[in-house]
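Please examine the chain below, first as a whole and then through three of its helix pairs.

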Amino acid sequence: SGFNSVGHMDTMLRGRHQIGHYKEGEEFIQNVFQVLSQIFTGKEKSNLAICWLQYEISKVIQCLQAKKKKKLKAQGRKSKKLAKNFLKAPDNRNNLCLWKLYAYLEWLLGNTDDARKVFDTALCSAGTGGLKSAQLCSLSLLYAQLEVELLESIEGAVMSRAVHILTKLTENGPYVPYSGQVSSVNVLKARKTYEHALQDYLSKTPVSDQDQVIDTDQLVSLVGCYALFQYLTVGIDAAVLIYTQASEKLEASGSQKCENTGENFGILNFPTALEAVTLLHTNLLRFHMKISVYPLNPLREALTEALKRYPSNQSLWRSYIHIQRKSHSASKARRFFDNVTRSTNSLEPWLFAIQAEQMRKKLTEKVQRADVGEIHCTIPETGLTNRIVALFEHAVQSENGTHCPLLWRMYLNFMV
């Protein structure tokens, strides 16, 4: 049928319809997955299953964002069937990553009780690795995060299911599902265990590159679990303190590695760990601001610092734009975008700078057209239009921008 995009372009609106997954593109992607799953075996096949399930989850999230209930139901049925088939395969029965994704899928579809059962089953069958097992930490962290999102306030959170999950993780014994009871002695013991585990990890020097990759994944999950545990049992400041300690230590280790070896193998994995820790930190601050009164400044500072270091992280940019929408002065954000685009080759800062201005333009027009129906305002907002065009012009002149189809499409779309 001529030219069609593979997958989807969720940044463009066409009339009232959000551009979704095209039928042909979708068929192509499904065929690729099916052909590959016949070729691969063992570990590769499991990794492919994880990628496939992540892709299915992205479609479910898209249906949720577009609020399409009918489509969500059909998509949910298809994705669940696929997940169950994966877990039936003998190689995957003990794969905690797949169990985690399946439980997350159930949670997204609104089947909270079913998701809890899947999480509990996975944790019970995972054995007693405790904080030493990277996959177990990662599974417990996601489960606890989802439970925390259901809380309406932080008061009384010590008795919540999330605290039970994070406490059980430190006990190195078999997992016992939540029964509405969390003993304060266990909470104190868990805090000590987390503290020692984190100190051990931060003072450990990895033997080889391979160790380091495993260690960084493990460290991120451990920091996430400990910070969330502190947040629920002590408060936001205690959680922020752990993120700060871990970030400082990771920064120091990263730079030290480079000096010692003369190579930059420290740069390979440590910034990824540092980036992941920063993301957990900013997400927790955003959540805390949603459920209680808390100043905006700590979050803004954490985001600006992180974005200077990781200018191509889309999640961080989304959070930054989200908080900037609340501020009436655009000048600070514009200066920041300007600084970042000058100091990096990545295209994300340009795309998000354009998106921020387009949102501002939409807001201005909405205010100017209020209560008058759909007539265009007599004083058009040309300042913002000119600014957006200038941003597009600069962006398409940059080395990466010239070759980015999305950027050109957005530019054409805007001019139309």
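The paragraphs that follow move from overall composition to individual helix packings.

The model is predicted. Its chain contains 18 helices and 2 strands. Of the 416 residues, 46% count as buried. The accessible surface of the chain amounts to about 23,200 Å², and carbon and sulfur atoms account for 55% of that area. Sequence separation gives another view of the fold: when contacts between residues at least 6 apart in sequence are considered, 58% of them join residues at least 24 apart.

The first pair to consider is helix α2, residues 42–66, with helix α3, residues 69–88. Their axes come within 10 Å and cross at roughly 165 degrees. Angles over 145 degrees count as roughly antiparallel, and α2 and α3 are therefore roughly antiparallel to each other. Their crossing is left-handed. On the α2 side, the contact is formed by A49, W52, L53, E56, K59, V60, C63 and L64, while α3 contributes K71, L72, Q75, S79, L82, A83 and F86. Sorted by class, this contact between α2 and α3 comprises 10 nonpolar, 2 polar and 3 charged residues.

Further along the chain, helix α4 (residues 96–108) packs with helix α6 (residues 134–149): the two axes come within 9 Å and cross at roughly 10 degrees. Since angles under 35 degrees count as roughly parallel, α4 and α6 are roughly parallel to each other. From α4, the residues in contact are L96, C97, K100, Y104 and W107; from α6, they are Q135, L136, S138, L139, L142, L146 and E147. The contact of α4 with α6 has 8 nonpolar, 2 polar and 2 charged residues.

The last pair consists of helix α14, spanning residues 331–343, and helix α15, spanning residues 348–368. These helices pack at an angle of about 160 degrees, with their axes 9 Å apart. That angle makes α14 roughly antiparallel to α15. The crossing in which α14 passes α15 is left-handed. Here R334, F337, V340 and T341 of α14 meet P349, W350, F352, A353, A356, E357 and R360 of α15. By class, the contact of α14 with α15 holds 7 nonpolar residues, 1 polar residue and 3 charged residues.

To review the orientations, α2 and α3 are roughly antiparallel, α4 and α6 are roughly parallel, and α14 is roughly antiparallel to α15.

Note on methods
Residues are numbered from 1 along each chain as its sequence is written. This is a predicted model: local features need pLDDT of at least 70, side-chain atom pairs count only at pLDDT 80 or more; totals for chains, interfaces and linings use all residues. Side-chain values use heavy atoms; hydrogens and water are left out. Axes are lines fitted to C-alpha atoms, for helices over the stretch in contact, and angles run from 0 to 180 degrees between N-to-C directions. Helices (H or I, at least four residues) and strands (E, at least two) are DSSP runs, numbered from the N terminus. Angles under 35 degrees count as roughly parallel, over 145 as roughly antiparallel, 65 to 115 as roughly perpendicular and the rest as oblique. A crossing is left-handed if the near helix is turned anticlockwise from the far one by less than a right angle, and right-handed if clockwise. Contact means heavy atoms within 4.5 Å. Ala, Val, Leu, Ile, Met, Phe, Trp, Tyr, Cys and Pro count as nonpolar, Asp, Glu, Lys and Arg as charged, and the others, Gly among them, as polar. Buried means under 20% relative accessible area, exposed over 50%, partly exposed in between (1.4 Å probe, protein chains only). Accessible areas come from the Shrake-Rupley method with a 1.4 Å probe; for residues, only the protein chains shown count as cover.
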